[in-house]
Amino acid sequence: MHDVHQRIGQLTRQLHDSLNGLGLTEQLKDSVEELPDAKSRLTYIARLTGDAAEKVLNSVDQAKSLHDEIARETRRIAELIVKDPVAAVAKGHVMNFVTHVEQSSKAIDKHLTEIMMAQDFHDLTGQVIARVVSLTTTIEEQLVQLLIETAPAVSTKTTPVAERQHALSGPAISPENNPDIVTSQSQVDDLLASLGF
Amino acid sequence: MATELRFLVVDDFSTMRRIVRNLLKESGYAEADEAEDGVIALGKLRASKFDFVVSDINMPNMNGFQLLAEIKKDEKLKHIPVLMVTAEARKEDIVAAAQQGAAGYIVKPFTKATLEDKLNNILVKTGLK
């Protein structure tokens, strides 16, 4: 039993020395500290994709409703024209129909634009996903390097740890209570105006 | 209201390039090309005539700040207004963009009205409209 404890102690010391020797202690610490950030980034992705889906479905519902109404009105006006073409024009049914179609078309176009704008989640979540992938890759590389260094001498070839590059911060995940981050376009405009732009 | 102005839309995400191009088209600016990073954008800007650049910041190879700097130090390109459309919401990035000569700054996600508003302001200010 004493021998087992002694061997565990030696392994622990070896692991500690290897981490320090490789400079991995700090790197692993940094990576682990970034994990809660990764969690909030994934929550952000879930929220953004959920919001986008909601927006698209709402716009589709409204556009379809307008489309159904146009179809119904078209059938109705067609019946009126077949029945009495002169009366259909004279009583203003045709003109009312044309005005109605024009207004509905504009409204449908607005919904289509909203559907298009909702696709911006692809860009924003894509940037966030890239950061989370980068973090997991860093942790994986550090752990693999650690395994290689502490394993019995078979191969000592190591994979270089990916260089961290995040000079730019990407989408603001939790901008609340952070005075260095703007939360709306009006804040951007105010900031630029204060600089004379 | 169609005009002859030619736009270059720079963004590493094809979805966003498509959205911006569609919005420009809806605003009457159908003449637009696109580039997926600063290097490709700079090549296109030097190869043919563009009147306006709408650029993202966070891109591979050459980011929006580097592209802006290259445009502003090039005698033949420096007159072209550059509107930054980006997810970078830090005040220091906004200030840096303004100091480097960006004509405007829009934070993603944005609305059609915001893009039209900034575009019109810049076009009027630069005499392009």
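**How many helices and strands are there in chain A?**

This is a predicted model, so please keep that in mind as you work through the exercises.

*Solution.* Start with the helices of chain A: there are six. Next come the strands, and their number is zero. Reading along the sequence gives the pattern α-α-α-α-α-α.

**Exercise 2. Find out what share of chain A is buried, and how its contacts are spread along the sequence.**

*Solution.* Chain A has 197 residues, and 10% of them count as buried. Now take the contacts in chain A with a separation of 6 or more: 73% of these come from residues 24 or more positions apart.

**Exercise 3. Compare the reach of helix α5 of chain A with its expected span, then list its buried residues.**

*Solution.* Step one is the length: α5(A) covers residues 121-150, which is 30 residues. Step two is the reach from the first C-alpha to the last, 43 Å, and this is close to the 44 Å expected at 1.5 Å a residue. Step three is burial. The buried residues of α5(A) are A:Phe121, A:Asp123, A:Leu124, A:Thr125, A:Gln127, A:Val128 and A:Gln142.

**Exercise 4. Place A:Val32 and decide whether it is buried or exposed.**

*Solution.* First locate the residue: A:Val32 sits in helix α2 of chain A, residues 24-83. Then count its surroundings. A:Val32 has 10 other C-beta atoms within 10 Å, and a residue with 12 or fewer is exposed, so A:Val32 is exposed. To finish, look along the chain to A:Arg76. This residue is 44 positions from A:Val32 in sequence, and the two are 67 Å apart in space, C-alpha to C-alpha.

**Exercise 5. Describe the contact of chain A with chain B, beginning with the residues that each chain gives.**

*Solution.* Chain A contributes 25 residues to the contact and chain B contributes 26 residues. On the side of chain A that touches chain B, at least two residues come from each of α4 (93-118), α5 and α6 (185-194). The most come from α5(A), which gives five residues. Sorted by class, this side of chain A has 14 nonpolar, eight polar and three charged residues.

**Exercise 6. Work out how α6(A) and α4(B) pack.**

*Solution.* Two packed helices are described by the angle between their axes and the distance between the axes. For α6(A) and helix α4 of chain B (residues 91-99), the angle is about 50° and the axes are 10 Å apart. The two helices are therefore oblique to each other, and their crossing is right-handed. Which residues meet here? A:Val188, A:Leu191 and A:Leu192 come from α6(A), while B:Lys91, B:Ile94 and B:Ala98 come from α4(B). The classes in this contact are five nonpolar, no polar and one charged.

**Exercise 7. Treat α2(B) and α3(B) in the same manner.**

*Solution.* The axes of α2(B), residues 38-47, and α3(B) come within 9 Å and cross at roughly 25°. Angles under 35 degrees count as roughly parallel, and so α2(B) and α3(B) are roughly parallel to each other. Their crossing is right-handed. On the α2(B) side you will find B:Gly38, B:Ala41, B:Leu42 and B:Leu45, which meet B:Gly64, B:Gln66, B:Leu67, B:Glu70 and B:Ile71 in α3(B). By class, the contact has five nonpolar, three polar and one charged residues.

**Exercise 8. Look at the backbone at B:Pro109 and B:Asn61.**

*Solution.* Most residues other than glycine have a negative phi, and most peptide bonds are trans. The bond from B:Lys108 to B:Pro109 is cis, with omega near -5°. B:Pro109 lies in the loop between β5 (104-107) and α5 (112-125) of chain B. Turning to B:Asn61, its phi is positive, about 65°, although this residue is not a glycine. B:Asn61 belongs to the loop between β3 (52-55) and α3 (64-72) of chain B. This residue has 13 C-beta neighbours inside 10 Å and so counts as partly exposed.

**Exercise 9. Explore the surroundings of B:Asp33.**

*Solution.* Begin with strand β2 of chain B, residues 32-35, where B:Asp33 is found. With 16 C-beta neighbours inside 10 Å, B:Asp33 counts as partly exposed. Leaving aside residues up to four places away in sequence, B:Asp33 touches B:Leu8 and B:Lys44. Finally, B:Arg21 is twelve residues from B:Asp33 in sequence and 8.2 Å away in space, C-alpha to C-alpha.

How values were computed. Residues numbered from 1 in each chain as written. Chains lettered and ligands numbered in written order. Predicted model: local features only at pLDDT ≥ 70, side-chain atom pairs only at ≥ 80, totals over all residues. Helix = DSSP H or I, 4+ residues; strand = E, 2+ residues; numbered from the N terminus. Expected span 1.5 Å × (residues − 1). Buried ≥ 20, exposed ≤ 12 C-beta atoms within 10 Å, placed from the backbone. Contact = placed C-beta atoms within 7 Å. Nonpolar A, V, L, I, M, F, W, Y, C, P; charged D, E, K, R; others polar. Axes fitted to C-alpha atoms, helices over the stretch in contact; angles between N-to-C directions. Parallel < 35°, antiparallel > 145°, perpendicular 65-115°, else oblique. Left-handed = near helix turned anticlockwise from the far one by under 90°.
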